[in-house]
Amino acid sequence: MGYLIVKKVDLAPTIKKFEIQAPLIAKKGKPGQFVILRIDEKGERIPLALMDTSPEKGTITIAALEAGKTTKKLNSLKEGDYIANVAGPLGKPAEIAYYGKVACVGGGVGIACIYPEVKAFKKAGNYVVSILGARNKDALILKKEIAEFSDEIYVATYDGSEGFHGFVHLLLKKLIEEGKHFDLVLAVGSIPMMKSVAETTRPYKIKTIASLNPIMIDGTGMCGCCRVEVGGETKFACVDGPEFDAHLVDFDLLMTRNRRYIEEERIALEEYKKVCGCKEGC
Amino acid sequence: MAKIREKKVPMPEQSAEERIKNVKEVPLGYTPEMAIEEAKRCLQCKPREGKEFPPCVEGCPVNVPIPQFILAIREGRFDDAIKIIKERNSLPATTGRVCPWENHCEKACTLGKRQGYEPVAIGWLERFAADYERAKGFAIPPKPQPNGKKVAIIGSGPAGLTAAADLAKKGYDVTVFEALHEAGGVLVYGIPEFRLPKEIVKAEIEYVKSLGVKILTDVVIGKTITVDELLEEFDAIFIATGAGLPNFMNIPGENLNGIYSANEFLTRLNLMRAYEFPKYDTPIKVGERVAVIGGGNVAMDCARWARRLGKEVYIVYRRTGAEMPARKEEIERAKEEGVHFMFLTAPTRYIGDEKGWVKQMECIKFELGEPDASGRRRPVPIKGSEFIMDIDTVIVAIGQSPNPLVPQTTPKLKTTKWGTIEVDEELRTSVERIWAGGGIVRGDSTIILAMGDGRKAALSIDKYLSGQDRSWKFKAEG
Ligand SMILES: Cc1cc2nc3c(=O)[nH]c(=O)nc-3n(C[C@H](O)[C@H](O)[C@H](O)COP(=O)(O)OP(=O)(O)OC[C@H]3O[C@@H](n4cnc5c(N)ncnc54)[C@H](O)[C@@H]3O)c2cc1C
Ligand SMILES: Cc1cc2nc3c(=O)[nH]c(=O)nc-3n(C[C@H](O)[C@H](O)[C@H](O)COP(=O)(O)OP(=O)(O)OC[C@H]3O[C@@H](n4cnc5c(N)ncnc54)[C@H](O)[C@@H]3O)c2cc1C
Ligand code: SF4
Ligand code: SF4
Ligand code: FES
């Protein structure tokens, strides 16, 4: 058996949202935390942010972008299927408090990760400005849902098919230069995106938080696979994070470390394509 | 009576050339004839003056009735032998393989004290009895009358499993909570397949379950459920979360690609079966020249795994071979398998290539100075002895610390400055109704000491819950 998928929604062509039966995690999960799941007996353990929890229904919601074999396989699962293992909530919850004006910057699937925090920051009385970035209009997710809890919302797309034409940190920069003031910036997205946001806010000394995404195995501090450097110190992202002061994070190291298995990831995907059975050939 | 053999009946094993090409066990086990032959060596000692047990049993942390089970083997009553062992030891196929008996039962064995004699091969006989039973299929023990009391066990390593089995046999309703997706603790994620096949651990866990123990995986206590919540639902709690936090040396370059903690390296291979990638999804990347830093059992396990992946392997250790804490047997096996040893040496920094992978390591040489607190001579670095060595994979195996998740989320639990949980002589913690044992109390430990703790805690929990002894002297002040 395992954990039942009660609902599946397509957010974008390669991003799917799942509501999964996991009553214990649903009771405890807080914004900023994540789960580690393993699809089946032979599967890898992968971390995914908690997008939502419903203690009443006993479900949690996650969203996955197809990056490699495991996320592709996950996204091919249907309502009524089971996931072998889901453990969590892991990591430290986000420090939700009243800061004043908070910018929540999400890139790609990172938008799903900022969603619970947008909600929580709003609830804590903050003025929330959400800034969403995506490759193009079709890849942009959760705009309506996030708008509901945001005082202002902005969109940037690489190809200019919606909103600001260009990278999301450039949009943030523009807003700051235009005189918008922020007391806190949260950034979740690709490593280059988070690094660029950190560099954008550094000269203005705006406190900036990034949610790091190193490769993980156990998620309980046992293996050290997820180590990152923050302010020159080694931290285990799964227990000390995943959120850290973005101005202190060594993003280049994180990027290099996440490339450790590039070759193996390619092999896994090739092997999977032979058997996955989808018409498009992934 | 025929003269007693001086040496143990040897156990057949795979040759070094053969075994580094597979992940199968090295020693192959006794045949019934060999076991009977070895059992004949036992002198059937009686307890010495003032002692409860014969010497070997005194030496075993869980007091397996050794002469009795050996007598049963000698008489060909193999079913009886395993029944006798299981009165005291719920994981005999495990201890019969990886228990450091040379420090426990066999060290105390009377026969071994005779000039020129080896002790009785108690560990190997234990393994024989356990394997015999497993091959036949377990006899499911009769279910005791439930007593209506509930006990929660945190962690499914040897300490947790032993306490669970002992309490279930007494009629308690026992639930084990495990953070990982598989039960067994170090037995599944740490100790290699070729020393302790995972099928065997699975079978031992099935036996514990057959006693009525429930095991819930994917539950991280402190995160998924807190200890305080467990206190509401359960009558007693035993914390057995082990010493699973990997130590690093904090030297420059330690976060380069290609540098693993022993735990990560072993978890990828054992728990996630990376050696079968891509059949299993989790990969492992190991270069051609591997340095393993450390001299304990964990270092030997990593080195021997790396040999099985076909790599050139160097054990780099600060002291000399004589001070190595690993079991002699494991050191010997590693040597036979072609692992190189560099003594009185330690890394000082790692040097990476342009892509962020480790390519070299700078080491310093040591000499032995005055004895330190552990009685071993302290290694002193030799100035100017630094040298550079080409290496493309490093495994840091310099020890583990207690897992901080439970103490951190349960502030009223008193801990020591090393992060271990403080307990009294019956393993009671500073919080009433909570016991702790194994790695989380001892720091680095062994399987049988952890199991001994599990047994001790079970006895104390039973005394408390049955109302025989409700005292709780160890209370946190303030
Ligand atoms: C705390 C945390 C929260 C996360 N939350 C989400 C989430 O909510 N939604 C989501 O889609 N993804 C999330 N991720 C990333 C996700 O875990 C990875 O995308 C996933 O492990 C890739 O597995 P795969 O087998 O599909 O791809 P792989 O074959 O393993 O990798 C394919 C590509 O993805 C990259 N990659 C591998 N591992 C990671 C990783 N841990 N993080 C980022 N990129 C990686 C590789 O560099 C490679 O280019 C999170 C990661 C962390 C650490
Ligand atoms: C590679 C290696 C080789 C070894 N070789 C030997 C040997 O040959 N002989 C020997 O005697 N000893 C050996 N040891 C030592 C021995 O394995 C340990 O001393 C023993 O396993 C400790 O047992 P334990 O039950 O206390 O903890 P562990 O076996 O560490 O088990 C603890 C369990 O608790 C779980 N856990 C932790 N935190 C939580 C939480 N918050 N919630 C739920 N679950 C949690 C962990 O996931 C784990 O499964 C070796 C150790 C290693 C690492
Ligand atoms: S458990 Fe260990 S110490 Fe006890 S009898 Fe077995 S091998 Fe000897
Ligand atoms: S001490 Fe040795 S010889 Fe004596 S009973 Fe125990 S195993 Fe047999
Ligand atoms: S994932 Fe293993 S320590 Fe963080």
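In what sense, parallel or antiparallel, do β10(A) and strand β11 (residues 152-157) of chain A pair, and over how many bridges? In this predicted model, the two strands pair in the parallel sense, over six bridges. Within β11(A), A:Ala156 is the bridge partner of A:Gly133.

Strand β10 spans residues 127-134 of chain A. Most of the strand is covered, with seven of its eight residues buried. β10(A) also pairs with strand β9 (residues 101-107) of chain A. Seven bridges join β9(A) and β10(A), and the two run parallel. The path between them is a β-α-β crossover: the chain leaves β9(A), passes through helix α3 (residues 110-123) of chain A and arrives at β10(A). This crossover is right-handed. A:Gly107 has A:Gly133 as its bridge partner in β10(A). A:Gly133 is thus named in two pairings, with A:Gly107 and with A:Ala156 in β11(A).

A second set of strands in chain A pairs in the antiparallel sense. Five strands form this open sheet, in the order β5-β6-β2-β1-β7. Its edges are β5 (52-54) and β7 (82-83) of chain A, each of which pairs on one side only. Strands β1 (residues 3-12) and β2 (residues 15-21) of chain A stand next to each other in that order. Six bridges join β1(A) to β2(A), and they run antiparallel. Across this pairing, A:Val9 stands opposite A:Lys17 in β2(A). In general, strands of a sheet pair through backbone hydrogen bonds, in either the parallel or the antiparallel sense.

Terms used: Residues are numbered from 1 along each chain as its sequence is written. Chains are lettered from A and ligands numbered from 1 in the order in which they are written. This is a predicted model: local features need pLDDT of at least 70, side-chain atom pairs count only at pLDDT 80 or more; totals for chains, interfaces and linings use all residues. Side-chain values use heavy atoms; hydrogens and water are left out. Buried means under 20% relative accessible area, exposed over 50%, partly exposed in between (1.4 Å probe, protein chains only). Helices (H or I, at least four residues) and strands (E, at least two) are DSSP runs, numbered from the N terminus. Two strands pair if DSSP finds at least two bridges between them. A crossover is right-handed if, with the strands pointing away from the viewer, the path from the first strand over the helix to the second runs clockwise.
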